[in-house]
Amino acid sequence: MMQTQIKYQRELERLEKENKELRKQNLLLKQGRKPSVRQVKRSLIDMYSEVLDELADYDSGYNTADQLPRVVVVGDQSSGKTSVLEMIAQARIFPRGAGEMMTRAPVKVTLSEGPYHIAQFRDSSREFDLTRESDLAELRREVELRMRNSVRGGKTVSTEVISMTVKGPGLQRMVLIDLPGIISTQTTDMASDTRENIKNMTQGYMNNPNAIILCIQDGSVDAERSNVTDLVAQCDPQGRRTIFVLTKVDMAEENLTNPDRIRKILSGKLFPMKALGYFAVVTGRGKKDDSIQTIKEYEEQFFKGSKLFKEGLIRSTQVTTRNLSLAVADCFWKMVRETIEQQADAFKATRFNLETEWKNSFPRLREQDRDELFERARSEILDEMVNLSQVSPKHWEDCLLDKIWDKVSHHVFENIYLPAAQGGSQATFHTAVDIKLRQWAEQGLPAKSVESGWETLREEFHGFLQKAAQAQDHDDIFDQLKAAVVTEAIHRHSWEEKASEMLRVIQLNTLEDRSVSDKRDWDSAVKFLESSVKNKLKQNENFLKQILGPSFKERWMYWKYLTEEQQKCSSVKS
């Protein structure tokens, strides 16, 4: 019976290839010209895959998860997950390693029929010819490079999805997600949270109620060492969307003294998990350079002569990757038919709720998509920047003067004028002030001036935003975005180093210039210094009053008392 089934499968594949060739020749005869090479019409599975890609971007941006069907390939590390996927895709498309972790990020593979056996990444126009070994090698290098580039910040694995399409004659149409293998032990070159990250990622994909779980179990190792079966049992306890695959059956048959153990596994009686179906496959002979066709022939020959069949331990429909791919594709499209309408209704309900919320919150604005909202917010922020450029020089000068003096006045009085005045002599006072001012201008004043300029600019911009927010027709939909933009701009902004150097030269030259050409400048400077000294005196008097407490008169008239600290300060003053 096994031999008959293999014979019909080969005949079916041959007829499919002949049919594709005849259709191509028919097109050439009808059109009377040579069609453009490899221009394949977009199929239903391609459009479905594009929807999944769009939703993946949406999910990562809004921290949500869609519930559309896809086939999730899970298993322990080195259990043969990637090899099973390659056998289904009929091409060696993934990089291989000797015992090390190769799958470091989810890989979404969309399989569909086509006249040419090709592969293509979602974000690239290049097509890799899977019938040529050179293209296969380049494809494997590209997959490995994308995986390594997706891992950032000292991590070992990434959640960033690598999306690719594989087309070819006789391929079953479906969408598969290859995930990093479950590990038991972390090596020293892995991040400390690698095992937990892989587990969380795997559970996140399997928790989708419409995901088909392709559970891969290594048949050559003890069943008790399996980690993935417990995870699958937690996510799908009834086994309504799980397909179990036992790999490396050739090695298992050779090593096991009791073949009945394989029968228990494939009948669902050994592992605590349940499944829709149980399959046994052989995905290689231990040679990484073997072609897919060589492996298929080896698999057929193995099952043809296997004592598992001769002793009636497993059925013919439970073996070979061909039967597995047919079963997975059938289950996938059945799940799609059952859930796609339900998911579409859910999206429609979500959209209706969002539109209603929008109308209630922003009655003066029509519904806008994400791009329109972004463009409008950017335009409003740019308008405020234009308003900033229209501020008069006089206003900037006054604001800068106030800000700089607020920052440096304490230093001017406490570290320059008051220490210089302690000499008692007018001549020594001027000399001390000149020396201290020059030292300050060479060291701290330029940086303080640049800092004051940046703070003034920020405060003025915040003022424009607040003024716009107080307008009568203002909608607060962009307020948080504007605040985030301003915060990010402040965080990223930095002055050029030469700004402080240029200010240092200007300020030192100003200190050297002893002449005042205009009487108004002199009067303005005198008035400024006089008011500053008076303000400083007033501040000191208020400070003294605060630390010394109420006067004798205030204590009698207003029933005020001195604290213990104020009593000590009064004694010190006396």
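The legends below describe close-up views of a predicted model.

**View 1. The open sheet and its edges.** In this view, 9 strands form an open sheet with mixed pairing. The order of the strands across the sheet is S4-S3-S5-S2-S6-S1-S7-S8-S9. Strand S4 (128-129) and strand S9 (277-280) are the edge strands, and each of them pairs on one side only.

**View 2. Strands S7 and S8 with helix H6.** Strand S7 (residues 212-218) and strand S8 (residues 242-247) run parallel and are joined by 6 bridges. Which residue of S8 is the bridge partner of Ile216? The partner is Val245. Helix H6 (residues 228-235) lies across S7 and S8, and also across strand S1 (71-75). The direction of H6 is at about 160 degrees to that of S7.

**View 3. The largest cavity.** The structure holds 2 cavities of 30 Å³ or more, and the largest cavity has a volume of about 100 Å³. Its lining consists of 11 residues, of which Met87, Gln90, Thr321, Arg322 and Ser325 are the closest to the centre of the cavity. Helix H3 (81-89) and helix H11 (321-361) are the elements that give two or more residues to this lining. The largest share, 3 residues, comes from H11. By class, the lining of the largest cavity holds 3 nonpolar, 5 polar and 3 charged residues.

**View 4. Leu373 in helix H12 and its contacts.** Leu373 has its place in helix H12 (residues 370-389). How far apart in sequence and in space are Leu373 and Phe478? These residues are 105 residues apart in sequence, whereas their C-alpha atoms are 8.5 Å apart in space. Phe478 is also one of the contacts of Leu373 when neighbours within four places in sequence are left aside. The other residues in contact with Leu373 on this basis are Trp358, Gln368 and Ile477.

**View 5. The packing of helix H15 against helix H16.** Helix H15 (residues 445-469) and helix H16 (residues 479-492) have their axes 12 Å apart and pack at an angle of about 175 degrees. The two helices are therefore roughly antiparallel to each other. On the side of H15, the contact is made by Trp454, Arg458, Phe461, His462 and Leu465, which meet Lys482, Val486 and Ile490 in H16. The residues of this contact comprise 5 nonpolar, 1 polar and 2 charged.

**View 6. The crossing of helix H13 and helix H18.** Helix H13 (residues 393-421) and helix H18 (residues 519-548) have axes that come within 12 Å and cross at roughly 80 degrees. This angle makes H13 roughly perpendicular to H18. Four residues of H13, namely Trp405, His410, Phe413 and Glu414, meet Phe528, Ser532, Val533 and Lys536 in H18. The contact of H13 with H18 is made up of 4 nonpolar, 2 polar and 2 charged residues.

**View 7. The largest pocket.** The largest pocket has a volume of about 2100 Å³. Among the 44 residues of its lining, Leu437, Thr510, Leu511, Ala525 and Phe528 are the closest to the centre of the pocket. Phe528 also appears in the contact between H13 and H18. Which helices each supply at least two residues of the lining of the largest pocket? They are H13, helix H14 (426-443), H15, helix H17 (497-512) and H18. The largest share of the lining, 11 residues, is supplied by H13. The lining of the largest pocket divides by class into 27 nonpolar, 8 polar and 9 charged residues.

Key
Residues numbered from 1 in each chain as written. Predicted model: local features only at pLDDT ≥ 70, side-chain atom pairs only at ≥ 80, totals over all residues. Heavy atoms only, no water. Pairing = 2+ DSSP bridges. Contact = heavy atoms within 4.5 Å. Axes fitted to C-alpha atoms, helices over the stretch in contact; angles between N-to-C directions. 1 Å grid on protein atoms, 1.4 Å probe; cavity = no way out; pocket = protein on both sides within 12 Å on 5 of 7 lines; lining within 4 Å. Points joined across faces, edges and corners; volume = space filled by probe spheres on them. Nonpolar A, V, L, I, M, F, W, Y, C, P; charged D, E, K, R; others polar. Parallel < 35°, antiparallel > 145°, perpendicular 65-115°, else oblique.
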